[in-house]
Amino acid sequence: DSIVDAVIATDEAGAIERMNQEASRLTGVTNELAIGKPLSQVLRLKNPESGKLIEDPVKELLRPEYADNFSKQGLPLERMDKKSPLLVTAEIRCILDDDGKNHGCVTVLRDITQQRKIEEELFKNEKLTSISLLAGGIAHDFNNMLTAILGTYLVRAQGILAMNQLRSSFSELQDPTEPLAHGAMILFSGALLLTPGFFTDAVG
């Protein structure tokens with residue numbers, strides 16, 4: 001009874017001979033009430049795909065297909081005491097003689113209900129984190145694109161204005177230094193706007 005896993009021993013006819021405390025907890029029936037009953041009556045496992053009760057647990061757990069499909073995934077276990085169903089892994093070992101005659105089996109169950117809940121919660125958190133990172137990346141790219149469009153517009157508009165001021169200075173024989181300086185500032189500002197995220201990306 002000190003074994004962590006649930007253990008159920010059955011005779012050659014498939015009737016329960018004994019089970020430990022963990023098996024009683026999982027199945028929802030005491031050892032005294034379980035003795036002599038068919039394993040299928042106490043071990044109410046369900047097929048995870050169809051949701052139907054498995055009529056012959058021994059036969060199902062010994063099938064090679066079970067090991068490939070459900071041994072790690074786990075099987076839903078309906079409990080006799082009507083408490084919430086559990087998710088368990090199940091393995092079975094039978095004692096066979098030289099002629100292949102069955103002299104009894106031992107079924108070992110492990111409760112993985114909480115483990116699966118934790119795994120699902122971690123997966124959900126990782127998924128939310130990925131979505132947040134993706135959304136942040138999209139917003140960053142959109143902001144860069146918008147900045148580039150705005151920069152192009154401003155450079156064009158202000159460039160035309162600066163060119164007109166320069167032409168006016170030449171036509172009126174005025175000092176063109178101020179329009180030239182203004183134009184240089186526009187080009188510098190436009191270069192920054194047309195290089196989205198230059199400084200932020202440079203510093204990480």
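The dialogue below goes through a predicted model of one protein and asks what the terms used for it rest on.

Trainee: Before we turn to single residues, how many helices and strands does the protein have, and what pattern do they follow along the sequence?

Mentor: The protein has eight helices and six strands, and read along the sequence they follow the pattern β-β-α-α-α-β-α-α-β-β-β-α-α-α. Of its 204 residues, 26% count as buried.

Trainee: Why is Thr107 called buried?

Mentor: Buried means under 20% relative accessible area, and Thr107 has 0% relative accessibility, so Thr107 counts as buried. Thr107 lies in strand β6, which covers residues 102-111, and, leaving aside neighbours within four places in sequence, its contacts include Ala6, Val7, Leu39, Leu61 and Ile92.

Trainee: What makes Lys82 exposed rather than buried?

Mentor: The word exposed is kept for values over 50%, and because the relative accessible area of Lys82 is 74%, Lys82 is exposed. Lys82 is found in the loop between β4 and β5.

Trainee: What is the phi of Lys82?

Mentor: Lys82 has a positive phi of about 70°, although it is not a glycine. As a rule, most residues other than glycine have a negative phi. A positive phi is also found at Gly100, with a value of about 85°, in the turn of the hairpin that β5 and β6 form with five residues between them.

Trainee: How do you know that β5 and β6 pair, and in which sense do they do so?

Mentor: Two strands pair if at least two bridges are found between them, and β5 and β6 have eight bridges, in the antiparallel sense. One of the bridge partners can be named: Glu91 has Val108 in β6 as its partner.

Trainee: Which other strands pair with β4?

Mentor: Strand β4, residues 75-78, pairs with strand β5, residues 86-96, in the antiparallel sense over three bridges, and there the partner of Leu75 in β5 is Val88. Strand β3, residues 44-45, also pairs with β4 in the antiparallel sense, over two bridges, and this count meets the requirement of at least two. In that pairing, Arg44 has Glu78 of β4 as its bridge partner.

Trainee: What makes the side chains along β4 alternate?

Mentor: In β4, Leu75 and Leu77 point to one face and are buried, whereas Pro76 and Glu78 point to the other face and are not buried.

Trainee: How do you know that Cys94 and Cys105 form a disulfide?

Mentor: The sulfur atoms of a disulfide must lie within 2.5 Å, and those of Cys94 and Cys105 are 2.0 Å apart, which fits that cut-off. The pair links distant parts of the chain, with Cys94 in strand β5 and Cys105 in strand β6, 11 residues apart. A search of the whole structure finds one disulfide. In general, a disulfide is a covalent bond between the sulfur atoms of two cysteines.

Trainee: Why is this disulfide called right-handed?

Mentor: The torsion about the S-S bond of Cys94 and Cys105 is about 100°, and therefore the disulfide is right-handed.

Trainee: Are Cys94 and Cys105 buried or exposed, or what lies in between?

Mentor: Cys94 has a relative accessible area of 24%, so Cys94 is partly exposed, that term covering what lies between under 20% and over 50%. Cys105, at 3% relative accessibility, counts as buried.

Terms used
Residues numbered from 1 in each chain as written. Predicted model: local features only at pLDDT ≥ 70, side-chain atom pairs only at ≥ 80, totals over all residues. Heavy atoms only, no water. Helix = DSSP H or I, 4+ residues; strand = E, 2+ residues; numbered from the N terminus. Buried < 20%, exposed > 50% of the residue type's maximum accessible area, 1.4 Å probe, protein only. Contact = heavy atoms within 4.5 Å.
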